[in-house]
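Visitor: I am new to this structure and should like to learn how its features are read. May we go through them in order?

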Amino acid sequence: QVQLVESGGGSVQAGGSLRVSCAASATTVGNYCMGWFRQVPGKERELVARLDWGGGSTYYDDSVKGRFTISTLSKDNTKMTLYLQMNSLKPEDTGMYYCAAVNRGEYCYVLWQQPDFRYWGQGTQVTVSS
């Protein structure tokens, strides 16, 4: 079982920066794949960035590459904070941002769809105005 709690969303003008955070707490030690998804009304959640908690490898969607950075601060093997630093924000970055996790870190590199992830946070809204 993994609990995920996001924070840090808000409103910003285009070109600005925001950082969203996800406090993750697991009941068991595992090799977790962590992801940040974005969802806009009427569309499915899309993977924005992904990180292998154990190995540290990362992935970014082309739309955010060079502007967003995913990182972690681990307290121990079952607690960590996942960050998404978002710079040079664009109006199209607007959406609800969800933190997600699954205990399949060794396959993290092939996990990119919503059904691939088992645990989800409640989401935090990011709004970028032009």
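Guide: Let us begin with the secondary structure. The chain of this predicted model has 11 strands and zero helices.

Visitor: Which pattern does the chain follow along the sequence?

Guide: Read in that direction, the pattern is β-β-β-β-β-β-β-β-β-β-β.

Visitor: How does the radius of gyration of the chain agree with that of a compact globule?

Guide: One sets the value beside the one expected for the chain length. A compact globule of 130 residues would have a radius of gyration near 14 Å, and the chain has 14 Å, so the two agree. Along the principal axes, the C-alpha atoms fill a box of roughly 45 × 25 × 25 Å.

Visitor: What share of the contacts joins residues 24 or more positions apart?

Guide: Among contacts with a separation of 6 or more, such residues account for 60%.

Visitor: What percentage of the residues counts as buried?

Guide: A residue is called buried when its relative accessible area is under 20%. Of the 130 residues in this chain, 44% count as buried. The accessible surface comes to about 6700 Å², and carbon and sulfur atoms contribute 46% of that surface.

Visitor: Is Tyr-109 buried or exposed?

Guide: The cut-off for exposed is over 50% relative accessible area. Tyr-109 has 61% relative accessibility and therefore counts as exposed. Tyr-109 lies in the loop between strand S9 (95–102) and strand S10 (119–120).

Visitor: Which residues form a nonpolar patch with Tyr-109 on the surface?

Guide: Tyr-107 and Val-110 form the patch with Tyr-109, and together the three have about 340 Å² of accessible area.

Key. Residues are numbered from 1 along each chain as its sequence is written. This is a predicted model: local features need pLDDT of at least 70, side-chain atom pairs count only at pLDDT 80 or more; totals for chains, interfaces and linings use all residues. Side-chain values use heavy atoms; hydrogens and water are left out. Patches are made of residues with over 30% relative accessible area and no salt bridge: like charges are joined within 9 Å, nonpolar side chains (Val, Leu, Ile, Met, Phe, Trp, Tyr) within 5 Å. Accessible areas come from the Shrake-Rupley method with a 1.4 Å probe; for residues, only the protein chains shown count as cover. A salt bridge is a side-chain nitrogen of Lys or Arg within 4 Å of a carboxyl oxygen of Asp or Glu. Helices (H or I, at least four residues) and strands (E, at least two) are DSSP runs, numbered from the N terminus. Buried means under 20% relative accessible area, exposed over 50%, partly exposed in between (1.4 Å probe, protein chains only). The radius of gyration is taken over C-alpha atoms; the globule rule is 2.2 Å times the number of residues to the power 0.38. Contact means heavy atoms within 4.5 Å.
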